[in-house]
Structures are given as C-alpha cells and as structure tokens.
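Subject: Structure handover

Hello,

Here is the structure you will be taking over. My notes on what was found in it follow below.

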Amino acid sequence: MNAGWIRNGRPGPLMAACLEAAAAAPSVHNSQPWRFRPHPTGIEVLADRRRQVDLVDPAGRELTISVGAAVFNLRVAMLAHGRIPVMRLLPEPDDPDLLARIAVGPPIETDETVRLLARAVAHRRTNRRPFADLAVPGEVLDELVAAARTEHGWLAVVDPMMRSSVLALIGTAEDRRRVDPAYWAELERWTRDRPGRLDGVPPQAFGPWPVPRTVPVRDFGLVWPAPRRRVAAFEEDPVLAVLYTVGDSPRDWLRAGQALQRVLLTATVRGLATTLLTQPLEFPELRDLLGRQQDGRRAQAIIRIGYGPLSPPVPRRPLAELLEPAPAQAVDAVGVAGAS
Ligand SMILES: Cc1cc2nc3c(=O)[nH]c(=O)nc-3n(C[C@H](O)[C@H](O)[C@H](O)COP(=O)(O)O)c2cc1C
C-alpha cells in the first residue's frame, strides 16, 4: 500500500483527508459518535458509545445511523482519491463496537458523480431555517429516491395527502419531549454553549422559532435560547421524505446511515437544503405508525427537503481525538506495506 494511506500504523495524508471527510457527517445532536482505527490494509470504524444520546436513542440506532453516514463519506472520499473502498459491514456479535472495516482497494478513475458527492461533503448542513415556498422538481426527487436505492434504502416522498399526518406525528413527538425533564437535562448537555466546544448543537444552528408551527423542527434552543432568536414563518407545505430499510438490525442501521448520507449529499449537489426531523422515530408506537410492517420496512429517518438560505457550519472534533491506536501486529504489517 502507498505510504500516503497508512504509515507506521497511522493514517498518511490521503487517509487523513478521507477521515476528515468521514467526520463531517451528520450525527444525532452532533455527538460525532465514531472512532477510527488503522488496520493493515485500511481503517476500522468503531462506535463511540460514550457519546450515545441515551434518552432519545436508547438502542443506539441513531448512533449507528450516524456512523453509517460517516462510513459513506469515507467511501466517497476514498473514491475521489482514486481508490476503491473494499468494505466489510459489521458488527460481529463478539465485537459490537466494530462497525465497518474498509480496506484501500485497487486504483479507479474517479467519475463525475463521485467528484460532485465528494465536493458536497463540506457544504452539506442540517438547515433549520425557513425554506422557500417552491416545489422541488419531480426529477430531482426521483434522483434522491435513486440515491437511497443505490445504498439499499427506500426513500418515500410523502404524498401531499399524507403530509399533515406525518407533520402531526412529528409535532406530537416534539411536544412529548418538551414536557419531559429528562429530555431537558439531556438537551442541556448537548446544547450548552461554551468557548471552544467542538460537539453538540451551537446556537447559530438552532434556526428561528417556526410561528405558526408549520414545520415542527426539533427545538435545540429549548434550554438555552439563543440571544436575539427570532420567530419566522416557515413554508406552508414542506416537502418530506421518509427513509426506510428492510429490517431493523444494527447492520440495517449502518445501511440506513449510508443511504441517508447519499440522499443528503445528492440533495446538496442539486442546491437543496435538508433538515432531519427524527423525533417520532424515537417513540416506538409513533415509529410503528410510519412503518410498513407488511413488507418488513422500518422508518429510519424523516427528511425535509427544499430551497433554503445558507446555514452556518457547526464544529467537529479534530482527527487526533478520533483515532484509536492500531494493534501492535497491525503497525508491523502496515509498516512493511507502507514502504512499498
Ligand atoms: C440519526 C440522526 C438523527 C438526527 N435527528 C435530528 C432531528 O431530529 N432534528 C434536527 O434538527 N437534526 C437532527 N439531526 C441532525 C444533527 O443534529 C446534525 O447532523 C448535527 O447537529 C451536525 O450538524 P450538521 O448536519 O449541520 O453538520 C440528526 C442527525 C442524525 C444523523
């Protein structure tokens, strides 16, 4: 292997660039619940359960989706750097935190789709601002559906007839949270703004209060209202889509994360803004109402899609904090490989 990828058990510059891309993925409450460990032929992606958002995500489903999104970014970045990512999706029953192993495969010529997706990684945001009252063209929505399908996900654009029901479910879940002191305590931990903080959701990302509440975005300003936070009218008929997977195991959640990220990046390429609205999926009985049990499909994410104003970036932890040391035998093996 080229030393640009792995050198003496540490990421070389090419792998470091790919891991930076992985770390730009969306994650529940910006928890960034991932770790990376070099191995002889590439990188292992691990869950960081210390960063699990326990109340809203007791099973670690959203944590695993977040890691899946990071895995997708890593794959795209490797392709953009001209190498095929050879991926093994885990977890193994005896190592539930090891979620994927991605080897640096043979060279490949980068195509236009990969180039665009890779470029979109740094521009994608979760946008909690009002979107324009503009229709999203059908062919663009079809492209998002195809993006999910490529990663074994099913994206169902919510029919206008069903929109108010889905919005009501989101609003119900959000209202239930707002009266739960344990939710306030958890949100307090992930939204407390302090200088130099590199995780959690900062005030600049809260967006205004939607009044009237046509879009029940998650209110990250509940505990620590941002100074000078305004109210604003949001679009009346938000475009919503629900991402499903067949099955609901950790491996399905990893697939959901990759499908989600492919959809979000494809939307970014097409100039669209996106917001995740996952509140009802955190209550089993509300999630069931969105599920399609008859064919085994389970709802994994709800996405709002539209044309929005720019939204500021939110911080990420530096790569040095995300790296796990390679096991001793891997350092030896990689050291030999790195010399070639
Ligand atoms: C599984 C998952 C669930 C999420 N749920 C919500 C949500 O319900 N509401 C919301 O506003 N953002 C949600 N987000 C977005 C995160 O808050 C966001 O990714 C994070 O704060 C980082 O910001 P960025 O996406 O702009 O980089 C979710 C993200 C993931 C991966």
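Arg-176 sits over the face of Phe-283, and the distance to the ring centre is 5.0 Å. A second arginine, Arg-229, is placed likewise over the face of Trp-209, at 4.3 Å from the ring centre. Please keep in mind that these values come from a predicted model. As for rings set against each other, the count of aromatic pairs is 0, under a rule that asks for ring centres within 6.5 Å.

Next, the sheet. Four strands make up an open sheet in the order E3-E4-E6-E5, and their pairing is antiparallel. Its edges are strand E3 (34–39) and strand E5 (83–89), each of which pairs on one side only. From one strand to the next, the twist averages 25 degrees. Between E3 and strand E4 (residues 42–47) there are 6 bridges, and the two strands run antiparallel. Pro-38 has Ile-43 of E4 standing opposite. At the other edge, strand E5 and strand E6 (98–107) have helix H7 (residues 250–269) lying across them. The helix runs at about 150 degrees to E5.

Then the pocket. What is the volume of the largest pocket? The value is about 600 Å³. Its lining is made up of 33 residues, and those that lie nearest the centre are Pro-26, Ser-27, Thr-126, Arg-128 and Leu-276. Three elements give two or more residues to this lining: helix H2 (61–80), strand E11 (273–276) and strand E12 (297–306). Which of the elements gives the most to the lining? That is H2, with 4 residues.

Finally, two points about the backbone that you may want to look up in the viewer. The peptide bond that leads from Val-211 to Pro-212 is cis, and its omega is near -5 degrees. Pro-212 is found in the loop between strand E8 (209–210) and strand E9 (231–232). The other point concerns His-29, which is not a glycine but has a positive phi of about 55 degrees. His-29 belongs to the loop that runs between helix H1 (13–23) and E3, and E3 is the edge strand described above.

Regards

How values were computed:
Residues are numbered from 1 along each chain as its sequence is written. This is a predicted model: local features need pLDDT of at least 70, side-chain atom pairs count only at pLDDT 80 or more; totals for chains, interfaces and linings use all residues. Side-chain values use heavy atoms; hydrogens and water are left out. Two strands pair if DSSP finds at least two bridges between them. Axes are lines fitted to C-alpha atoms, for helices over the stretch in contact, and angles run from 0 to 180 degrees between N-to-C directions. Contact means heavy atoms within 4.5 Å. Rings of Phe, Tyr and Trp (its six-membered ring) pair if their centres lie within 6.5 Å; planes under 30 degrees apart count as stacked, over 60 as edge-to-face and the rest as tilted. A charge sits over a ring if NZ of Lys or CZ of Arg is within 6 Å of the ring centre and within 35 degrees of the ring normal. On a 1 Å grid over the protein atoms alone, a cavity is a set of points where a 1.4 Å probe fits but cannot get out, and a pocket is an open set with protein on both sides within 12 Å along at least five of seven lines; lining residues have an atom within 4 Å of a point. Grid points are joined across faces, edges and corners, and a volume is the space filled by probe spheres set on the points.
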